Amino acid sequence: MKKLLLGAAACIAFAAPAFAADLPARTYTKAPAYTAPEVVYNWTGFYIGGHIGGAFPGDNSLESSNGRFMGGVQGGFDYQFATNWVVGAEAQYSWLTGNSGNGVAFPGGTLVTGNTDQIGSVTGRLGYTWGPTLLYAKGGYAWRGNDNIGVSLGGVPVAFSTTGDHKDGYTVGAGLEYMFTPNWSVKGEYQYYNFGSTTFTGGPPPIIGARFRDDEHTVKLGINYRFGWGGPVAARY
């Protein structure tokens, strides 16, 4: 039995190198390179914020061409769909301050002035987003308050009448917004307001029939706090 066991062990020892030589060489596999996760930005949710900027009357306006400071607040809701598209609605209110110009002078010492100190809008907006950046257009209803028109003759205020107060109108605009944290974004925006025109129907003879446009060009910078109803910025692997 002892001889039999020794013989078997010798056979195994002799055959092992040959068997190992017949095995295929082990292939070296390199570990996959690290890939950083893709950051996914979600614009869906409510937001509130504030803005500052300037307002500039259009041509043929009672407010001359001088720019005025504007500041205000805004709030709205956005919904992101189809990966890169965002649709939403926004309400905005602004105060306008500063000298709006010297008015329009007519023959005989008649002076007409105008000044709007409040302006607002309710708009829809549609945008295209790539990463943290959103390019959008907006448009909708516009409103203004305290449209202060005055007529004076030789420095003395006189009575007059016009075709209405023209407080309701429309607005269109466009802007660029950037999300710099999951809950905060900044934007730059241009917005045009149009309230039709004002025609004088009574007052000193030189102004009767005079017609002026009621419009504003505005540029502003804003900041928004986003509540992130659709979830915060996420990492996708």
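The legends below describe close-up views of a predicted model.

**View 1. The largest cavity of the predicted model and the residues around it.** A search of the whole structure finds two cavities of 30 Å³ or more, and the largest of them has a volume of about 70 Å³. Its lining is made up of S61, L62, E63, G114, R144, D147, I149, R213, D214, D215 and E216. Two elements, β7 (133-153) and β12 (211-226), each give two or more residues to this lining, and β12 gives the most, with four residues. When the lining residues of the largest cavity are sorted by character, two are nonpolar, two are polar and seven are charged.

**View 2. The second largest cavity.** About 40 Å³ of space lies in this cavity, which is lined by 10 residues. Those that lie nearest its centre are N42, W43, T44, R226 and G228. The lining of the second largest cavity divides into four nonpolar residues, five polar residues and one charged residue.

**View 3. The salt bridge between E216 and R68.** Side chains of opposite charge can pair when their charged atoms come close. In the pair shown here, the closest N and O atoms of E216 and R68 are 2.8 Å apart. E216 lies in strand β12 and R68 in strand β3 (residues 68-81), so the salt bridge ties together parts that are 148 residues apart in sequence. Both E216 and R68 are buried, and E216 also belongs to the lining of the largest cavity.

**View 4. R226 with its two partners, D78 and Y47.** R226 forms a salt bridge with D78, in which the closest N and O atoms are 3.1 Å apart. This pair links distant parts of the chain, with R226 in strand β12 and D78 in strand β3, 148 residues apart. R226 counts as buried because its relative accessibility is 3%, and buried means under 20%. D78, with a relative accessible area of 0%, is buried as well. The charged end of R226 also sits over the ring of Y47, 4.7 Å from the centre of that ring.

**View 5. The salt bridge between E90 and K187, and the network around it.** The side chains of E90 and K187 meet at a distance of 3.5 Å, taken from N to O. E90 lies in strand β4 (residues 85-97) and K187 in strand β11 (residues 184-202), so this salt bridge ties together parts that are 97 residues apart in sequence. E90 is buried at 3% relative accessibility, and K187 is buried with a relative accessible area of 4%. Salt bridges that share partners join E90, K138, K187, E189 and K220 into one network. In the structure as a whole, the count comes to 12 salt bridges.

**View 6. Aromatic rings that pair and cluster.** The count of aromatic pairs comes to 11. In one of these, W85 and Y128 meet edge-to-face, with 5.1 Å from centre to centre and 75° between the planes. This pair links W85 in strand β4 with Y128 in strand β6 (residues 110-130), 43 residues apart. W85 is partly exposed, with a relative accessible area of 36%, and Y128 is partly exposed too, at 35%. Elsewhere, F106, F160, F200 and F212 form one aromatic cluster.

**View 7. A charged end over an aromatic ring.** The residues shown are R125 and Y136, where the charged end of R125 sits over the ring of Y136, 4.3 Å from the ring centre.

Definitions and conventions. Residues numbered from 1 in each chain as written. Predicted model: local features only at pLDDT ≥ 70, side-chain atom pairs only at ≥ 80, totals over all residues. Heavy atoms only, no water. 1 Å grid on protein atoms, 1.4 Å probe; cavity = no way out; pocket = protein on both sides within 12 Å on 5 of 7 lines; lining within 4 Å. Points joined across faces, edges and corners; volume = space filled by probe spheres on them. Nonpolar A, V, L, I, M, F, W, Y, C, P; charged D, E, K, R; others polar. Salt bridge = Lys/Arg side-chain N within 4 Å of Asp/Glu carboxyl O. Buried < 20%, exposed > 50% of the residue type's maximum accessible area, 1.4 Å probe, protein only. Phe/Tyr/Trp six-rings, centres within 6.5 Å; stacked < 30°, edge-to-face > 60°. Lys NZ or Arg CZ within 6 Å of the ring centre and 35° of its normal.
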